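Let's take a walk through a protein model together. Have a look at it first, and then we'll go through a few of its parts.

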Amino acid sequence: MIIIGEKINGSIPSMAKAIAARDEEYIKKIAIAQDEAGATYIDVCASVAEDIEVETMKWLIELVQSVSDKPIAVDSPSADVVAECLAFCNKPGLANSVSLEGNKCDVIFSAIKDDPRWEVVALLCNDKGIPATAEERLEVFEGIMAKAAEYNIDPSRIHIDPLVEMLCTSEDGIAMVEEVISTIRAKYPTIHITGAISNISFNLPVRKLVNQAFMVLCMKAGLDSAVLDPLNRDMMGMIYATEACLGMDEYCMEYISAYREGLIGPKKD
């Protein structure tokens, strides 16, 4: 499973406070913790005013890179900001994100097309917003893939986000998300499918249980990438266990190694 560590994001109150106070030690501590917990990428999202966003992103990226060599997921709602901030990364990582809104695909695909090591998150929304049905989201998906082909972006470089919404407002559970994931997985075996896992449990009690159940079902449907908190040992344990149960971990070696390394199970003193 590709883990995109979510904790350096200014939309999180504690991180917003650290960013505003320029608390470098706190931010570096969070970066180190996510790295050691097994994050594949460390997401960096400033969530500040537009006039200081690039400057703040540069500062955050440099802080993270001073303590971790994990690639950065450069995260902003502005495609122009993402494209500009790619240059601050010591190595290719993940551009987060594109969609069929405006010219986002053109801006970011153009910025990463010449270096096949850069990957990209693609959200299944367009200028009309988030489509309500699986059929409509798959239409957006085909539009994104057509744009990617124009820039010679191989499917293996793309992390499709079907857009996870609140379970408590859904009429059919996660059936629509499962349909989108499984359809995309069947058509493009090498593509990555991702999502912000905790979105599913907004406004529900004991959110961690819903998040874990959702992760298992989505992995069964074909999800292989996720934006989540790698410091959540229960969730990380569930991921390793699910990979073993799905036959993705030969002889359970990854699961056993994660336990021996102290990444899952009761925290060792």
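**Rings and strands**

Start with two rings: Phe109 and Tyr151 are both buried, a word that stands for under 20% relative accessible area with a 1.4 Å probe and protein chains only. Keep in mind that this is a predicted model, where local features need pLDDT of at least 70, side-chain atom pairs count only at pLDDT 80 or more, and totals for chains, interfaces and linings use all residues. Residues are numbered from 1 along each chain as its sequence is written, and side-chain values use heavy atoms, with hydrogens and water left out.

The structure has two aromatic pairs; rings of Phe, Tyr and Trp (its six-membered ring) pair if their centres lie within 6.5 Å, and planes under 30 degrees apart count as stacked, over 60 as edge-to-face and the rest as tilted. Phe109 and Tyr151 make a tilted pair, with 6.1 Å centre to centre and 55 degrees between the planes. Phe141 and Tyr188 pair edge-to-face, at 5.5 Å and 80 degrees, and both of these are buried.

Now for the strands, which are DSSP runs of E with at least two residues, while helices are runs of H or I with at least four, numbered from the N terminus. Strand S3 (residues 72-75) is covered on both faces: Ile72 and Val74 are buried on one side, Ala73 and Asp75 on the other. That fits a general pattern: in a regular strand the side chains alternate between the two faces of the sheet.

How values were computed. Buried means under 20% relative accessible area, exposed over 50%, partly exposed in between (1.4 Å probe, protein chains only).
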